[in-house]
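Please open the model in your viewer and keep the selection panel at hand. The tour below proceeds stop by stop.

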There are 2 protein chains.
Amino acid sequence: MTGPLRVPESIRLREVGLRDGLQIEQPIPTAAKLRLLEALVATGARRIEATAFVSPKAVPALADAEEVAAHLSEYPGIEFSALVANPRGAHRAVDAGVTALEYVVSASDGHSLANAHRTTAQALDQVGEVASVVHGAGGTCEVIIAVAWDDPFDGPTPPGGVVALARRAVDSGADRLCLGDTIGTTTPVRMAELVTAVRTTCQGTPLGVHLHDTRGAGLATALAAMQIGVLDLDASIGGLGGCPFAPGASGNIATEELAFLCRECGIETGLDLERLRAAAALAQEVVGRPLESGVLRAGDRSLAAVRR
Amino acid sequence: MTGPLRVPESIRLREVGLRDGLQIEQPIPTAAKLRLLEALVATGARRIEATAFVSPKAVPALADAEEVAAHLSEYPGIEFSALVANPRGAHRAVDAGVTALEYVVSASDGHSLANAHRTTAQALDQVGEVASVVHGAGGTCEVIIAVAWDDPFDGPTPPGGVVALARRAVDSGADRLCLGDTIGTTTPVRMAELVTAVRTTCQGTPLGVHLHDTRGAGLATALAAMQIGVLDLDASIGGLGGCPFAPGASGNIATEELAFLCRECGIETGLDLERLRAAAALAQEVVGRPLESGVLRAGDRSLAAVRR
């Protein structure tokens, strides 16, 4: 880190468009997902959340998890992960050959009950079993702490509760942690404060962040996270995604916007911007509506050049 | 500045929606502008760019500059400013009672010729006369350096040229400087580098920044500017604005998004978020199309709360 503004030399971006991006959409054909997967691999992405092994009734858009997973071995060298909601999902994932799992625990009961029909404590109680299943297959268990800053039902989430939850998740077997700004309300200073607090309590456990760009502050908050050394960031192609419980909520921070920001700041992502734009255009085609990504719409800065 | 992320205690935000925001729109009735002005004053704004004294043929949307200016004395205690393009405009402004002027010099010839039908050198040559006119009326002259990072015609703007231009502007009588990211391509590290370079050469001259949020990085870049101590930032209500020469260009950073970011980071702006949302809704009504502001659409974070 050098210069007037300190930023890291590189980050590890995880592409979550196929899971968080598509989960609230109307189901799209598996073949279309596989085209998008191929386009995402072509961007240089090395960490891709491919699907979720959850109830097809609860999330019809991801009912084809096994079918998608069957194609992942076509792309060696990429860490494909999947989200699960309980030990049964973990077994399904492992049986399908996916051994990098994300398990969500909402930091407060309001969202936990609405999203997963159980309390935070009940969700936390299953971390051990989920971790055990995936560890038995030689894999890893990441716990994503949802609504880590604000819960659309319960309001602001007490940071102390998030820290305690993070610690208990690690004690129960979590290999990694991720703080989720599920409804797109957090901002740079809150980001820095919570990351700092969780790190202090969970030293040695990799900590990532998952942001939504609902109030224009998504990349500013990502910048703040990177400035304090967070190197694992989720983003979704085209800014796909949303939250069914937050009015006006938009999608995740867009992969191509974060990659643009990083490239321009000298932060290596390994991603190719033009291929990201092509993948974002495909994502837009696949979901059948315009996506809000500025980089998709306006292009790289070289494309700002026009002829007189 | 304290905590894991250093930010300033307060900033001085300049509302530019009435000028930069409206200049590319179809002309709207003066009465509608005055309603918007009243709503903006109610937000707590203390610096408002009210109009531009430029050719009504070139910018028909601001042909009513004198009429708007005639109402500004109804709001004492607010610094109203106006943009001018030449000494004649400066005389018009002063005659209309506006004595805080912005004068634009594009940092490279491509944009300068397209925007103002003259070279950068020719524009720079008039700084002295514009400053002289406004100083004669007891006012101030700010030079806005447009396309300070990238020119849509000429490509990347050499920083050394911007620094030299800034120095010459100050030597010619500029009281303040502003770096304009006219086509929304700059990013945090480039921001920090150029601000640092200009400051070194123009110590003692207040330096502000003017950003567009074209590629999602507007607030991240504003955050970077604030982190290195830039306290004068332009923003437009609802994110109004754009650049006729940049494909896909969106408007300025939205006032309510910047104010939200600042409030959440403990940076005082003096602005009321709910009144900003009301003003943004009015701006949307006035221009007759949806604006892209996330805070306008999604609300304050307290509004994310919903009932079960």
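**A tour of the interface and the core**

Begin by selecting the interface of chain B and chain A in this predicted model, where the rule finds nine residue pairs in polar contact, both residues at pLDDT 80 or more; a polar contact is a pair of N or O atoms within 3.5 Å, where within protein one must be able to donate a hydrogen and the other to accept it, and residues adjacent in sequence count only if both atoms are side-chain atoms. The model is predicted, so local features need pLDDT of at least 70 and side-chain atom pairs count only at 80 or more, while totals for chains, interfaces and linings use all residues. Residues are numbered from 1 along each chain as its sequence is written, chains are lettered from A and ligands numbered from 1 in the order written, and side-chain values use heavy atoms, without hydrogens and water.

Next, select helix 9 (188-201) of chain B. This helix gives six residues, the largest share of the side of chain B that touches chain A; helices are DSSP runs of H or I with at least four residues, numbered from the N terminus.

Now display Glu292(A) and Arg297(B), which form a salt bridge with the closest N and O atoms 3.0 Å apart. Five salt bridges are counted between the two chains (a side-chain nitrogen of Lys or Arg within 4 Å of a carboxyl oxygen of Asp or Glu).

Which residues does Leu258(A) touch? Among them are Ile11(A), Leu219(A) and Met226(A), not counting residues up to four places away in sequence; contact means heavy atoms within 4.5 Å.

Key. Helix = DSSP H or I, 4+ residues; strand = E, 2+ residues; numbered from the N terminus.
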